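Visitor: I am new to this structure and should like to understand the terms used to describe it. Please show me the model and explain how each term is reached.

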Amino acid sequence: MANIYLKVPTYVAQFYRSRDVNNQLGEFQPVEFSPFQQESTMIAASIMFVSEQASEHTMCFSERMWKNILNGKKPQGGKMLLKRDATEWPTMDEVNCLTDMKRNKKTDGFDYLCIAAPKSIVIGGQYKQVTTSFTLPFRQSNELVRQLRTEFIRILLNWVRKELALCDERGIQRDVIMCIDHFFYHYNMCLGTNGTDRDSMRRMAMRWIEDAKMLADDIQDEDVLFTYEKETEHQASYIDSLLDEIKQNRNKVSVLNE
């Protein structure tokens with residue numbers, strides 16, 4: 001089976017490698033999408049044969065192009081420019097050097113994610129085998145990156161929402177930042193040896209939460225706030241039972257103190 005290598009934000013690469021916490025992937029192991037997932041559909045609709053000599057962008061490499069990089073060559077092949085161990089995952093500095101890309105702060109925050117390509121695609125009404133020379137064009141590569149990033153944000157927000165709801169149910173006052181850190185820890189996301197990368201991710205997560213409007217201070221909708229008769233009866237009985245429980249606990253404490 002052929003793979004493609006997509007340039008994504010580092011946090012996206014780390015998340016997808018650890019999305020199945022019981023089967024975390026190494027960098028060389030491909031992420032596989034179900035045929036029913038949107039990501040799989042996007043890849044199948046856009047993947048195409050591209051000779052390594054015709055490579056024009058660095059957003060997505062075919063397996064043949066990536067093997068050239070692993071061996072210290074340009075994606076198009078040719079002579080070895082870097083002496084490196086082909087069994088080691090290349091750094092962004094190495095990829096930038098081999099693709100003539102200048103290093104900047106933005107390039108430091110990226111990695112390449114190995115993704116399993118479909119075994120075959122339909123071209124002109126016929127099934128064609130996908131080989132190691134297949135990759136994604138520039139525009140479709142960006143669309144796939146956007147989809148992966150959106151899915152990551154959706155899962156992060158859902159995690160925070162569920163953790164806050166669970167804590168609220170149990171009477172625990174949980175800080176949102178702690179929920180975000182729990183998410184990072186659960187998915188084994190190593191965000192730098194110093195605190196800069198983690199703080200940056202926290203700020204980004206807080207912006208996503210704010211944009212999603214999931215932490216409204218209160219609810220003003222009349223339909224939601226309306227109290228039904230049955231709820232009023234239940235509320236009264238609940239308060240009575242709660243008061244009885246408090247009195248019983250108070251009596252127990254008094255007996256113990258005597």
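Guide: A definition comes first: a crossing is called right-handed if the near helix is turned clockwise from the far one by less than a right angle, and left-handed if the turn is anticlockwise. By this rule, the crossing of H6 and H7 is right-handed. Please note that the model is a predicted one.

Visitor: What makes H6 oblique to H7?

Guide: Helix H6, residues 138-169, and helix H7, residues 176-186, pack at an angle of about 125 degrees, and their axes are 9 Å apart. Angles of 65 to 115 degrees count as roughly perpendicular and those over 145 as roughly antiparallel. The angle between the two helices falls in neither range, and H6 is therefore oblique to H7.

Visitor: Which residues make this contact?

Guide: From H6 come Phe152, Ile155, Leu156, Trp159, Val160, Glu163 and Leu164. H7 contributes Val176, Cys179, Ile180, His182, Phe183 and His186. Of the residues in this contact, ten are nonpolar, two are polar and one is charged.

Visitor: Why is Lys7 called buried or exposed?

Guide: Buried means under 20% relative accessible area. Lys7 has a relative accessibility of 9%, so Lys7 counts as buried. Lys7 belongs to strand S1. Beyond its neighbours within four places in sequence, Lys7 is in contact with Thr58, Met59, Met92, Phe110, Asp111, Tyr112 and Val145.

Visitor: How do you know whether Ala116 is buried or exposed?

Guide: The same cut-off of 20% applies. The relative accessible area of Ala116 is 12%, and Ala116 is therefore buried. Ala116 lies in strand S4, residues 110-116. Apart from neighbours within four places in sequence, its contacts are Met1, Ala2, Asn3, Pro30, Val31 and Glu32. Val31 is 85 residues away along the chain, yet the C-alpha atoms of Ala116 and Val31 are separated by 5.9 Å.

Visitor: How do you know that S1 and S4 are paired?

Guide: Two strands pair if there are at least two bridges between them. Seven bridges join S1, residues 3-9, to S4, and these strands run antiparallel. In one of these strands, S4, Asp111 is the bridge partner of Val8.

Visitor: What makes S3 and S4 the edges of the sheet?

Guide: The open sheet has three strands in the order S3-S1-S4, with antiparallel pairing. S3, residues 60-62, and S4 each have a single partner strand, so one side of each is left without a neighbour in the sheet. The twist averages 25 degrees from one strand to the next. Helix H3, residues 63-70, packs on the sheet and touches S1, S3 and S4.

Terms used: Residues numbered from 1 in each chain as written. Predicted model: local features only at pLDDT ≥ 70, side-chain atom pairs only at ≥ 80, totals over all residues. Heavy atoms only, no water. Helix = DSSP H or I, 4+ residues; strand = E, 2+ residues; numbered from the N terminus. Buried < 20%, exposed > 50% of the residue type's maximum accessible area, 1.4 Å probe, protein only. Contact = heavy atoms within 4.5 Å. Axes fitted to C-alpha atoms, helices over the stretch in contact; angles between N-to-C directions. Parallel < 35°, antiparallel > 145°, perpendicular 65-115°, else oblique. Nonpolar A, V, L, I, M, F, W, Y, C, P; charged D, E, K, R; others polar.
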